Amino acid sequence: MTPLPIAHAGHWAIYVLYAVPVLIVLGSIARTMLRDRRKDDG
Amino acid sequence: MQLTLPIAHALVGKSDLPIPEWLFAWGASLVLIVSFVALTLAWQRTRFEDEGWRPVSEWISRALVNRVVGFAAGALGAFLLGLTIYAALKGTEAPDRNFSLTFVFVTFWLGLVVVSVLLGDVFRALNPWRAIARAVAGVFRLIAGQSPPAPLHYPERLGRWPAVIGIAAFAWMELVWGQSGFQAVGLVPHDVGIAVIVYSAITFIGMALFGIEEWTSRGEAFSVYFNMFSRLSALEVREGRLGFRRALSGAVGWAAVPGSIALVLLTIGVTAFDGAQEGVLKDAITSLFDTLVDAGLGPVASLRVTNSIFLALTIAAVAAIFWGGVAGMHTVRAGIRIRELGRLFGHAFIPIALAYLVAHYFTLVLYQEQAQFTYLLSDPLGDGSDILGTAGSGIDYGLIGATAVWYVQVGALIVGHVTALVLGHDRALAVYRDPATASRSQYWMLAMMVGFTTLGLFLLSQANQ
């Protein structure tokens, strides 16, 4: 029987945990860029 | 026969860490973010654009940099090249008992990186191919009364690309041709001996065509490779005089030569693949390998094709992170082309390449150098001789615990990436002129650094689980 993807959740959770810092930094960059663009437009 | 050396670089048994491994990645990222903020606030003018080179006192310089030392270093390099070839062709085929494999893949390939960072470009003096070519040129001068002419002019656009090809071939030979994963493909000393002879022939042809110094500085793969790391060193010889410069400042501008970015990304990618092939990529490699075997390809060919594909994909992924970050920097201020930005900031990735090497191969060097300087030196052919009386020595695998190794690896990755941030920030101040724009451009550098740090720790944590 093919295991459901959820059975590998622990495995994927590790990937996500390692990706969190990168996502936070990229999110901060996106936020800063949007803020700067609004400031430029205004 | 399987190359057994890399068994030692895997990380095992980190059971007594106080926190989960992924939390180290968070901590390392936090250190980078704090460093970034500190740089933005406190580092307002460039420090590395001027190397500040100053000579050491003349007697020290003369004692260390002179014809006798130069000749001795070249002779040592030529002797070791000869010993490597002889041991590879005439010694035992057992990889762990033959001098050549440990010497080429550990002492030379990894050990000289550390030496280059600490002492500068020492391989230039030790380079056996340069030493032999200079000796031949000297004889030519005695007979003909003039230096041998270089028939071809080295094309500028070729830059460091021949060296990139050489390093890629070396890495492929180590990781694909003779990889140590779940299938024994085989890298025997004899193969290494043949490879060294072929490479030597190519090098001498290059030197004959383009000139000894020209080919050494641009085309000879290992000169270019070790020189890249020596750019981080505070020591440099200029016009025959030893001197000190600001540590790291020698790296600035290094990536302006074509092929340089490819070389540093290749170095990171190759190390990342070596860590991933027995960890995170193992299932994917097995899957493609099975598919190719089922399709009728032989097992050895299937494994080599599979590993070649994944090696190329890993290097491509590293390059994608780099060029993605550079493209992000491009959005901060238009006017500088993306490729040009890459060349302006490519040198900042040399410390990352170093950090990856230290983190990944720390234990390999620690263990194999015990073998190198005891029984392999005393019995280079592995035929039972005992020249130095140390042939009976072994490797002390208990020299350092797995937890201590993990801390060394985490430390190396953090220090390497913080150093990269510093180099990037300093360069940004020179490129963008005003600190605010420089800092904005370095958000992207920070993202790349956090990405490479977490990737490095992830690969190490997944190795041999």
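**Figure 1. Helix α7(B) packs against helix α13(B) through four residues from each.** W172(B), L175(B), V176(B) and W177(B) of α7(B) meet R304(B), N307(B), S308(B) and L311(B) of α13(B). Two residues are in contact here if their C-beta atoms, placed from the backbone, lie within 7 Å. By class, the residues of this contact are five nonpolar, two polar and one charged. Ala, Val, Leu, Ile, Met, Phe, Trp, Tyr, Cys and Pro count as nonpolar; Asp, Glu, Lys and Arg count as charged; the others, Gly among them, count as polar. The model is predicted: local features need pLDDT of at least 70, side-chain atom pairs count only at pLDDT 80 or more, and totals for chains, interfaces and linings use all residues. Residues are numbered from 1 along each chain as its sequence is written, while chains are lettered from A and ligands numbered from 1 in the order in which they are written.

**Figure 2. The axes of α7(B) and α13(B) cross at roughly 130°.** Helix α7 of chain B covers residues 161-177, and helix α13 of chain B covers residues 299-330. Helices (H or I, at least four residues) and strands (E, at least two) are DSSP runs, numbered from the N terminus. The two axes come within 9 Å. Axes are lines fitted to C-alpha atoms, for helices over the stretch in contact, and angles run from 0 to 180 degrees between N-to-C directions. The crossing angle makes α7(B) oblique to α13(B). Angles under 35 degrees count as roughly parallel, over 145 as roughly antiparallel, 65 to 115 as roughly perpendicular and the rest as oblique. The crossing is right-handed. That means the near helix is turned clockwise from the far one by less than a right angle; anticlockwise would be left-handed.

**Figure 3. Three strands of chain B form an open antiparallel sheet.** The strand order is β1-β3-β2. β1 (54-55) and β2 are the edge strands, each pairing on one side only. Two strands pair if DSSP finds at least two bridges between them. β1(B) and β3(B) are joined by two bridges. In this pairing, P55(B) has G243(B) of β3(B) as its bridge partner. Four bridges link β2(B) to β3(B). Across that pairing, E236(B) stands opposite G243(B), and V237(B) stands opposite L242(B).

**Figure 4. A hairpin turn in chain B holds a residue with positive phi.** Two residues separate β2(B) from β3(B) in the hairpin. E239(B) sits in the loop between β2 (235-238) and β3 (241-244). Its phi is near 50°. Most residues other than glycine have a negative phi. E239(B) is exposed, because 6 other C-beta atoms lie within 10 Å. A residue is buried if 20 or more other C-beta atoms lie within 10 Å of its own, exposed if 12 or fewer, and partly exposed in between; C-beta atoms are placed from the backbone.

**Figure 5. R433(B) also has a positive phi, in a loop between two helices.** The flanking helices are α17 (402-432) and α18 (435-462) of chain B. The phi of R433(B) is near 70°. R433(B) counts as exposed, with 9 C-beta neighbours inside 10 Å.

**Figure 6. Chain B touches chain A with 12 residues.** They are in contact with 10 residues of chain A. On the chain B side, α1 (21-42) and α18 each give two or more residues. α18(B) supplies the largest share, eight residues. The chain B side divides into nine nonpolar, three polar and no charged residues. Chain A itself has one helix and zero strands. Of its 42 residues, 10% count as buried.

**Figure 7. L83(B) meets a residue 297 places away in sequence.** L83(B) lies in helix α3 (residues 67-90) of chain B. Leaving aside neighbours within four places in sequence, L83(B) is in contact with F99(B) and P380(B). L83(B) and P380(B) are 297 residues apart in sequence, yet 8.3 Å apart in space, C-alpha to C-alpha. L83(B) is partly exposed, with 17 other C-beta atoms within 10 Å.
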